[in-house]
Amino acid sequence: MSEVAKIELDGKQYEFPVITGTENEKAIDISKLRDTTGYVTLDTGYKNTGATKSSITFLDGEEGILRYRGYPIEELAEKATFLEVAYLLIYGELPTQAQLDSFTNSITKHTLVHEDMKQFFEAFPAKAHPMGVLSAMVCSLSTFYPESLDPNRSAEAKDLTMHRLLAKLPTLAAWSYKNAMRHPFMYPKNNFDYCKNFLYMMFAMPTEEYDVDPVVVSALNKLLILHADHEQNCSTSTVRIVGSSQANLYATISAGISALWGPLHGGANQEVIEMLEKIHHDGGDVDKWVAKAKDKEDPFRLMGFGHRVYKNFDPRAKIIKKACDDILEKLGIVDPMLDIAKKLERVALEDEYFKARNLYPNVDFYSGIIYKALGIPTEMFTVMFAIGRLPGWISQWKEMTENKEPIGRPRQIYTGETTRNFVDITAR
Ligand code: ACO
């Protein structure tokens with residue numbers, strides 16, 4: 001007999017099916033709870049709520065496991081290219097050489113953005129945060145491709161929109177930086193691969209030859225893979241919820257970018273470097289800052305520590321920590337921020353407060369340091385995260401539309417005033 005969960009309410013017993021995932025994850029299916037009992041569940045922050053069934057990413061926070069479509073993140077980060085991983089996430093299988101060639105070709109073909117979009121860039125203030133620019137520019141792509149407003153078109157039409165987004169995001173990201181610097185935009189170079197082309201558009205100048213150390217390209221490839229998907233996190237849930245209203249993919253991804261911006265999510269990598277700099281300028285007393293993080297009267301938190309689902313070491317942090325050491329050594333970079341980061345990591349990992357709460361360094365703790373070593377400006381860190389996360393968002397959106405999931409619409413428990421009569425302004 002299949003497993004059921006029994007709930008007793010007002011002296012009556014109700015049974016609900018138990019769903020088991022392929023990795024033996026268990027959930028109580030309460031989709032009929034309100035209809036049968038009149039009750040809803042309350043779970044602020046969705047800490048215990050499964051919002052969907054998904055076959056894209058598996059993660060086990062207790063064991064520190066992360067796999068895309070069954071493939072361990074460690075193997076993908078070591079052996080794959082970012083576009084191979086993007087294909088895997090979106091289409092479910094690793095591509096054959098012919099499939100990868102055709103996918104790469106399609107993405108390469110769409111790297112240019114419409115010339116009129118340059119005027120949008122120029123209208124932003126020079127100090128505009130690149131995440132604000134990116135979110136706006138991605139949404140505005142929908143105005144150039146009106147046919148994309150209907151997300152339920154043929155598979156070919158959907159593919160075209162997905163490929164366009166993957167192709168144009170690095171261009172828009174690099175141009176948001178160039179615009180902030182008031183430097184000339186560099187047009188994409190399609191004989192470069194995805195990562196090299198992005199670095200070229202970011203750092204090349206029309207007056208100079210451009211070349212980049214392959215170590216830098218490979219580090220970027222690894223970082224993008226590590227960020228490519230992470231199941232139902234804040235920005236991905238945003239993408240699924242916005243997409244569930246049948247909004248077009250550009251608007252949907254733009255919403256995901258906005259959700260990612262927050263310092264408790266993707267914005268943490270920028271906050272990590274800013275925190276390390278603050279500690280450095282304050283004299284480098286790591287113990288003092290750890291004490292501040294533990295003080296409940298003090299709003300300061302150690303950025304890059306803790307994770308909603310990993311209550312063990314974040315597997316991506318393990319890979320990235322090693323990559324971070326390798327890159328700094330290969331590029332011969334000595335960085336006082338890294339010394340502070342290492343001290344912070346040591347102190348926090350030995351401290352009872354952090355141990356008791358399972359607060360380990362997360363992926364953002366190290367990614368900020370690598371981005372800094374690659375010459376990426378701090379304000380662009382979260383933009384880099386967005387480039388990495390794009391295939392994950394797209395694949396989750398695609399899965400949701402293919403599964404014909406209903407519009408996302410949570411319930412609430414109302415705690416406001418009960419009915420009262422309007423009082424005239426003179427009597428208030
Ligand atoms: N520094 C100090 N204390 C912390 C930290 C931290 N970084 N993170 C959590 N805590 C403490 C909380 O104060 C709380 O203590 P209490 O039980 O005594 O009240 C306990 O640990 C649990 O914290 P919650 O906020 O309830 O944990 P939650 O799972 O809701 O939050 C989050 C996870 C948001 C990531 C949190 O750990 C945090 O703010 N970290 C810093 C920001 C960060 O690095 N974000 C990036 C996340 S990774 C990503 O998005 C890619």
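Strands β2 and β3 (residues 26-28) pair in the antiparallel sense over 3 bridges, where strands are DSSP runs of E of at least two residues, helices are runs of H or I of at least four, and both are numbered from the N terminus; two strands count as paired if DSSP finds at least two bridges between them. Within this pair, Thr-20 has Lys-26 in β3 as its bridge partner. The two strands form a hairpin with 5 residues between them, and Asn-24 in the turn has a positive phi of about 65°. The model is a predicted one, in which local features need pLDDT of at least 70 and side-chain atom pairs count only at pLDDT 80 or more, while totals for chains, interfaces and linings use all residues. Residues are numbered from 1 along each chain as its sequence is written, and side-chain values use heavy atoms, with hydrogens and water left out.

On its other pairing, β2 (residues 12-20) meets β1 (residues 4-9), again in the antiparallel sense, over 6 bridges. Val-4 has Pro-17 in β2 as its bridge partner, and Ile-7 stands opposite Tyr-14. This hairpin has 2 residues between its strands, with Asp-10 in the turn at a positive phi of about 50°.

Turning to the whole chain, the protein holds 18 helices and 6 strands. Its radius of gyration, taken over C-alpha atoms, is 23 Å, close to the 22 Å of the globule rule (2.2 Å times the number of residues to the power 0.38) for 428 residues, so the protein is as compact as a globular protein of that length. Along the principal axes, the C-alpha atoms fill a box of roughly 80 × 65 × 55 Å. Buried residues (under 20% relative accessible area, with exposed over 50% and partly exposed in between; 1.4 Å probe, protein chains only) make up 48% of the 428 residues. Of the contacts (heavy atoms within 4.5 Å) between residues at least 6 apart in sequence, 71% join residues at least 24 apart.

Helix α7 (residues 155-181) offers a closer view of the interior, through Leu-165. This residue counts as buried because its relative accessibility is 0%. Leaving aside neighbours within four places in sequence, Leu-165 is in contact with Val-138, Leu-141, Leu-249, Tyr-250, Ile-253, Leu-390 and Ile-394. By comparison, the C-alpha atoms of Leu-165 and Leu-344, 179 residues apart along the chain, are separated by 38 Å.
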